[in-house]
Amino acid sequence: MRQAIVSDIHGNEPALLAVMADIEAQKVDEIICLGDVVGYGPRPRQCLVTALDYKLTLLGNHEEAVLFGAVGFNDKARKAIDWTREELLTGGSMDGDDAVARDRQLWDFIGSLRKSEQDGEFAYVHGSPRDPTREYVFAQDRFDQHKMNEIFASFDGRACFMGHTHIPGVFEEDYSFRTPRDLGGTYPLGRKKALINVGSVGQPRDGDARACYVIFDFETVSYRRVEYDLDRAVGDFSSTPLPAYLARRLREGK
Ligand SMILES: [Fe+2]
């Protein structure tokens with residue numbers, strides 16, 4: 001059994017297309033998305049349509065913000081949420097009954113997303129098992145033993161997969177954090193409990209502009225980095241009022 005686990009697509013259609021082609025070549029059995037399909041990027045609808053076919057998509061804080069309001073968001077992120085909601089309410093570039101029916105399906109999909117999933121020995125969330133849509137777990141949190149103890153106690157099984165920070169890497173119960181580079185690109189599950197950040201498809205922030213996701217065969221996590229058409233991704237912003245900064249940061253991977 002092989003899973004592709006993606007997260008934080010953020011309306012970046014060119015990145016998602018490249019990742020879907022890479023997943024196709026990896027011969028996986030199922031695709032799981034840890035949330036934030038929308039927000040920041042100019043192609044929320046197209047990314048949601050792709051996610052409809054996944055085995056499971058979880059609720060991210062950006063879907064939560066589209067549904068219930070952008071609480072705690074910075075100005076640029078809030079602007080993007082307001083635009084995304086408007087875009088999904090007004091049918092976008094497609095006219096007529098088809099657009100209305102399709103968008104109703106997308107709203108139903110967003111409204112149906114769960115915050116977490118437990119599948120045998122593995123847990124799946126957007127942000128953290130303690131607070132699935134809101135809490136960030138950054139590399140420096142490994143020095144906060146109280147926080148890490150509580151987070152590791154918040155899930156059952158061998159590993160919990162998450163996204164949200166857009167920074168890939170693996171935390172273990174002994175307060176360590178290793179990046180995919182530290183790991184040589186693969187992480188074999190051991191006896192220690194692990195918290196595995198799968199990185200971001202559509203807005204990587206670890207200094208590598210390539211899209212990031214993982215393949216998981218229930219023993220080993222393999223990080224994948226995928227080049228995509230950055231010019232097209234940046235160009236997609238020009239037909240929207242989204243802040244230019246959100247396009248610029250894609251080139252830097254920050
Ligand atoms: Fe995100």
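I take two residues to be in contact if their C-beta atoms, placed from the backbone, lie within 7 Å. With that cut-off I looked up how helix α4 packs in this predicted model. The buried residues of α4 pack against three helices, α2 (44-51), α3 (61-68) and α9 (244-252).

**Entry 1: helix α4**

I checked the length of α4 (residues 75-89) against the rise of a helix. At 1.5 Å a residue, its 15 residues should span 21 Å, and I find the end C-alpha atoms 21 Å apart, so the two values agree. I then listed the buried residues of α4, which are Ala-80, Ile-81, Thr-84 and Glu-87. They cover an arc of only 130° around the axis, and therefore they lie on the same side of α4. An α-helix has 3.6 residues a turn, so residues three or four places apart point the same way. On the other side of α4 I noted Asp-75, Glu-86 and Leu-89 as exposed.

**Entry 2: the chain as a whole**

I recorded nine helices and twelve strands in the protein chain. Its C-alpha trace spans about 55 × 35 × 35 Å along the principal axes. I compared the radius of gyration with the globule rule: for 254 residues a compact globule would have a value near 18 Å, and the chain has 17 Å, which agrees. Of the 254 residues, 44% count as buried. I also looked at contacts with a separation of 6 or more, and 71% of them are between residues 24 or more positions apart.

**Entry 3: the six-stranded sheet**

I traced an open sheet of six strands in the order β3-β2-β1-β11-β12-β9, and its pairing is mixed. Which strands stand at the edges? They are β3 (56-57) and β9 (186-188), each with a single partner strand, so one side of each is left without a neighbour in the sheet. Strand β9 pairs with β12 (residues 220-226) in the antiparallel sense, over three bridges. In that pair I found Tyr-187 opposite Val-221 of β12.

**Entry 4: strand β1 and its neighbours**

I examined strand β1 (residues 3-6) by side-chain direction. Gln-3 and Ile-5 point one way, Ala-4 and Val-6 point the other way, and all are buried. Four bridges join β1 to β2 (residues 30-33), and the two strands run parallel. The bridge partner of Val-6 in β2 is Cys-33. Between these strands the chain passes through helix α1 (residues 13-26), and I noted the β-α-β crossover as right-handed. I also found three bridges from β1 to β11 (residues 211-216), an antiparallel pair. In β11, Val-214 is the bridge partner of Ile-5.

**Entry 5: two residues with positive phi**

Most residues other than glycine have a negative phi. I looked up two residues that depart from this. Phi of Lys-27 is near 50°, a positive value in a residue other than glycine. Lys-27 lies in the loop between α1 and β2. Is Lys-27 buried or exposed? I count 9 other C-beta atoms within 10 Å, so Lys-27 is exposed, as the cut-off for exposed is 12 or fewer.

The second is His-164, with a positive phi of about 80° although it is not a glycine. I located His-164 in the loop between β6 (159-162) and β7 (169-172). His-164 has 26 other C-beta atoms within 10 Å and is therefore buried, as the cut-off for buried is 20 or more.

Methods: Residues numbered from 1 in each chain as written. Predicted model: local features only at pLDDT ≥ 70, side-chain atom pairs only at ≥ 80, totals over all residues. Pairing = 2+ DSSP bridges. Right-handed = clockwise from strand over helix to strand, strands pointing away. Rg over C-alpha atoms; globule rule 2.2 N^0.38 Å. Expected span 1.5 Å × (residues − 1). Arc of directions from axis to C-beta.
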